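Reader: I am in my first year and would like to look closely at one part of a protein model. Could you take me slowly through a single strand and its surroundings?

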Amino acid sequence: MRSEFDLVIRNGQVVDGSGAPAFGADVAVKDGRIAVVGKVEGCGSQEIDARGKLVTPGFIDIHTHYDGQAIWDTQLAPSSWHGVTTVVMGNCGVGFAPVRPADRDALIELMEGVEDIPGPCLSEGLRWNWESFSDYLDALEAQPRDIDVCAQLPHGPLRVYVMGERALRLEDATEADIAQMRELTADAMRAGAFGFTTSRTVSHKTVNGDPTPMLRAQEEELTGIAMGLADAGHGQIEFVSDWDQPTPAAEFGMLRRLVERSGRSCVFSLNQRHGERNEVWRELLDLSDQAAAEGLRMRPVTAPRPIGSLFGLTGTQNPFAGTPSYRAIAHLPLAERVARMRDPEVRRRILSEDPYKESTFPLFERMGFEEMYEHMFLLGDPPSYEPPRESSIASIARREGRNGAEVAYDMLLDDEGSGFLYATFTGFNEFVCEPTREMLNHPNAMIGLGDGGAHVGFITDACFPTYLLTHWGRDRASGRQAVEELVRRYTSDPAGTVGLNDRGLVRAGMKADLNVIDFDRLALGKPYVVDDLPAGGKRLLQKASGYSATILSGVLTYVDGESTGASPGRLVRGPQKAA
């Protein structure tokens, strides 16, 4: 008998992405679209029994950095392993277009410094068969992959393209510069860009330690670029800042004026800082609420757990990576290195040496290890991202009458050196995730900041969708949220914000991007390191169990966490109309 549908998912509990209660239904797919949600009488060429499982829209991550990987890779892992079917990249003002041949190395150095993607990997992986942003979109469109990608115009490349060395010297843009940036911005939006991104944080630097070209861009320049969005009639502003230029209210006021003048929307990164200014997030949340009440679309984007770095012997950094004695054995295979580190004399030498002298980790410029050990923990297996304060390295050291370095050293040797130390830098100032819980409950705040494709040696935050569902929807002792609301936060909410109105809901006519999830089995695995980047570069990855199937445009891309080899993902050019 001829099949009426390409795919039918039967007997699932549909969590449709709207936040409405789950309901039992079949879902039929035809020609890449959802055809029926309800009782499906006809059969499908493929059928999935989802009895006892959730059927959700594919997840949408609006803060990623796959700008390079999307050029050379058909699998945008790790995001595609965690139910993500659409990513928005080009965030934080860094990327690879527009670009003149003479400036390619400068953009690689900027991306390597800001987003920790090794320069040799980028140099080998990027084809550079583009100059304009439109050319770059064409290059993206030519590469099939397992996820749909949306690109944004980054400020750094735009500024360098227009101003050359003057941009790298952080000079102010002239009227002519601003006029050209406005025109190029409008052209990029018309070619299919989703918005414009910039960064004003001093923690973002090139690999050489230089500030980013857009760090001190004046309001006139940013206004001109925002008006380029207005000229094109679409596009959002993505904004990263330290919020101290000169005060949070003043910096937010400038961003608000850009939105008011251009009529465009904006999203901005928001997390609780550690230290004296740990309440700035509340002020910014209030300011965004005031703007929203007055009809301005200004939304904070936050993370569902503390943001931090992973340190380990298999990774690119550990607390002793800068000491001469560790550097002398760093090239050895892991088992041999662990054996050497267990030698009492090697241990004594490493612990006696200056850990900062030859360090290449930029955060050590602003923070010492003894301070970091207060918020550093053994990650464990299964990994724990909200550990109790008494399990911190500093707390253990105080109880045992040792120093933090000694405790960290011994932890690194656990599990034959394959484990990781987890150092939190935001969202965990009081050793509880109360700020995260408040933002998860806040109607104007969005969930994101997974940084997929970036910080490949330090983080695995692209697994945020899995963590959000398991920790906040099932496992946490208190403060849990309904799974339906958590799914909405990663589907229809980001889709509507960036203009992807053809996806994010399980409804007839919508794009057939779907997940079938065994919620009881959903879990994060232990992070691990592979060397599969171009030029043999290493990166951290983290898998999940419980994703029975992921479907993109009606095509099965993953079954039980394993790729089917299908690559139906494409470049999405600009906002998409609702079904």
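How many of the residues of strand β13 (residues 298–302) are buried?

Author: Please keep in mind that this is a predicted model, and let us begin with the strand itself. Strand β13 is mostly covered, for five of its five residues are buried. If you follow the side chains along β13, you will find that M298, P300 and T302 point one way, while R299 and V301 point the other way, and that all of these are buried. In a regular strand the side chains alternate between the two faces of the sheet.

Next come the partners of the strand. Strands of a sheet pair through backbone hydrogen bonds, either parallel or antiparallel. Strand β12 (residues 266–269) runs parallel to β13 and is joined to it by four bridges, with C266 as the bridge partner of M298 in β13. Strand β17 (residues 446–447) also pairs with β13 in the parallel sense, over two bridges, and here T302 has I447 in β17 as its bridge partner. The connection from β12 to β13 can be followed as well, since helix α10 (residues 280–293) makes a right-handed β-α-β unit together with these two strands.

Stepping back to the sheet, you can see six strands that form an open sheet with parallel pairing, in the order β9-β10-β11-β12-β13-β17. Strands β9 (153–154) and β17 stand at its edges, and each has a single partner strand, so one side of each is left without a neighbour in the sheet. Helix α9 (residues 248–262) packs on this sheet, where it touches β10 (195–200), β11, β12 and β13, and its direction makes about 170 degrees with that of β11. Strand β11 (residues 236–241) pairs with β12 in the parallel sense over three bridges, and in this pairing I237 stands opposite C266 in β12, the residue that is also the bridge partner of M298 in β13.

If you follow the chain onward from β17, you come to the loop between β17 and α18 (464–475), where L449 lies. Most residues other than glycine have a negative phi, and most peptide bonds are trans. L449, although it is not a glycine, has a positive phi of about 70 degrees, and because its relative accessible area is 6%, under the cut-off of 20%, L449 counts as buried. A535, in the loop between β20 (528–530) and β21 (539–541), likewise has a positive phi, near 65 degrees, and is a residue other than glycine. A535, however, is partly exposed, with a relative accessible area of 45%.

Another loop that deserves your attention is the one between α14 (369–373) and β15 (376–378), in which H375 is found. H375 is buried, with a relative accessible area of 12%, and a polar atom of its side chain lies 3.4 Å from the backbone oxygen of N429. Leaving aside neighbours within four places in sequence, the residues in contact with H375 include H274, Y422, F428 and N429.

Finally, the peptide bonds offer two details that you can look up in the model. A cis peptide bond joins A77 and P78, with omega about 10 degrees, and P78 lies in the loop between α1 (69–72) and β7 (84–89). Another cis peptide bond, with omega about -5 degrees, joins A97 and P98, and P98 has its place in the loop between β7 and α2 (104–115).

Definitions and conventions. Residues are numbered from 1 along each chain as its sequence is written. This is a predicted model: local features need pLDDT of at least 70, side-chain atom pairs count only at pLDDT 80 or more; totals for chains, interfaces and linings use all residues. Side-chain values use heavy atoms; hydrogens and water are left out. Buried means under 20% relative accessible area, exposed over 50%, partly exposed in between (1.4 Å probe, protein chains only). A polar contact is a pair of N or O atoms within 3.5 Å; within protein, one must be able to donate a hydrogen and the other to accept it, and residues adjacent in sequence count only if both atoms are side-chain atoms. Contact means heavy atoms within 4.5 Å. Two strands pair if DSSP finds at least two bridges between them. A crossover is right-handed if, with the strands pointing away from the viewer, the path from the first strand over the helix to the second runs clockwise. Axes are lines fitted to C-alpha atoms, for helices over the stretch in contact, and angles run from 0 to 180 degrees between N-to-C directions.
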